[in-house]
Amino acid sequence: MVKQWTGVPVRIGIAPTKTLTKIALNEVKRLNTPTKVHQISTRNEIRNALVNTPVHDVWGVGRRLSEHLNKAKITNA
């Protein structure tokens, strides 16, 4: 409705935690869907979202921690 009235695309992520909600929003962007409500709630949906999320995109992981994790061969959430 927002896009219809204003022309602005709206993406909404729904998940059990704040961090997973941000990852759900990244999934919508990754799927290149201009307007969508994306919910991740099952174990498989969460696992797939985490596999597709680079570790530096996880909320709370800064540049230094990301570099440390990458050196330890941890590249995705």
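Biologist: Which residues make up the largest nonpolar core here?

Modeller: Keep in mind that we're looking at a predicted model. A nonpolar core is a set of buried residues such as Ala, Leu and Ile, joined through side-chain atoms within 4.5 Å. In this chain, the largest such core has seven residues: Ala15, Leu20, Ile23, Ala24, Ile40, Ile46 and Ala49. Helix H2 (18-30) and helix H3 (43-51) each supply at least two residues of this core. H2 gives the most, with three residues.

Biologist: Let's pick one of those. What does Ile23 touch?

Modeller: Leave out residues up to four places away in sequence, and isoleucine 23 touches Ala49, Leu50 and Thr53. Of these partners, Ala49 is a core member too.

Biologist: Okay, zooming out. How many helices and strands does the chain have, and in what order do the elements run?

Modeller: You'll find four helices and two strands. Starting at the N terminus, the order is α-β-α-β-α-α.

Biologist: And how do I read the strands? Where is isoleucine 12, say?

Modeller: Isoleucine 12 lies in strand E1, residues 11-14. Its contacts, again skipping residues up to four places away, are Leu25, Lys36, Val37 and His38. Now look at strand E2, which covers residues 36-39 and holds histidine 38. Seen from histidine 38, the list of contacts is Ile12, Gly13, Ile14, Ala24, Glu27, Val28 and Leu31, with residues up to four places away not counted.

Biologist: So those two touch each other. Is histidine 38 buried or exposed?

Modeller: The cut-off for buried is under 20% relative accessible area. Histidine 38 has 14%, so it is buried. Isoleucine 12 has 39%, so it counts as partly exposed.

Biologist: What about the other end of the chain? Where is serine 66 found, and what is it in contact with?

Modeller: Serine 66 sits in helix H4, residues 63-71. Leaving aside neighbours within four places in sequence, serine 66 is in contact with Val55, His56 and Val61. Because its relative accessibility is 7%, serine 66 counts as buried.

Biologist: How many residues apart are isoleucine 12 and arginine 63, and how far apart are they in space?

Modeller: They are 51 residues apart in sequence, and 26 Å apart from C-alpha to C-alpha. For the chain as a whole, take the contacts between residues at least 6 apart in sequence: 42% of them join residues at least 24 apart.

Biologist: I've also seen people talk about phi. What is phi of lysine 73?

Modeller: Here's the general idea: most residues other than glycine have a negative phi. Lysine 73 has a phi near 65 degrees, which is a positive value in a residue other than glycine. You'll find lysine 73 in the segment after H4. With 74% relative accessibility, lysine 73 counts as exposed.

Biologist: Last bit, the whole chain. What share of the residues is buried?

Modeller: Of the 77 residues, 22% count as buried. The accessible surface comes to about 5800 Å², and 55% of that belongs to carbon and sulfur atoms. If you draw a box along the principal axes, the C-alpha atoms fill roughly 45 × 25 × 20 Å.

Biologist: And how many positive and negative side chains are there?

Modeller: There are 13 positive and 4 negative side chains. The centres of the two sets lie 3 Å apart.

Conventions:
Residues are numbered from 1 along each chain as its sequence is written. This is a predicted model: local features need pLDDT of at least 70, side-chain atom pairs count only at pLDDT 80 or more; totals for chains, interfaces and linings use all residues. Side-chain values use heavy atoms; hydrogens and water are left out. Buried means under 20% relative accessible area, exposed over 50%, partly exposed in between (1.4 Å probe, protein chains only). Contact means heavy atoms within 4.5 Å. Accessible areas come from the Shrake-Rupley method with a 1.4 Å probe; for residues, only the protein chains shown count as cover. Lys and Arg count as positive and Asp and Glu as negative; His and the chain ends are not counted. The place of a charge is taken as NZ of Lys, CZ of Arg, CG of Asp or CD of Glu.
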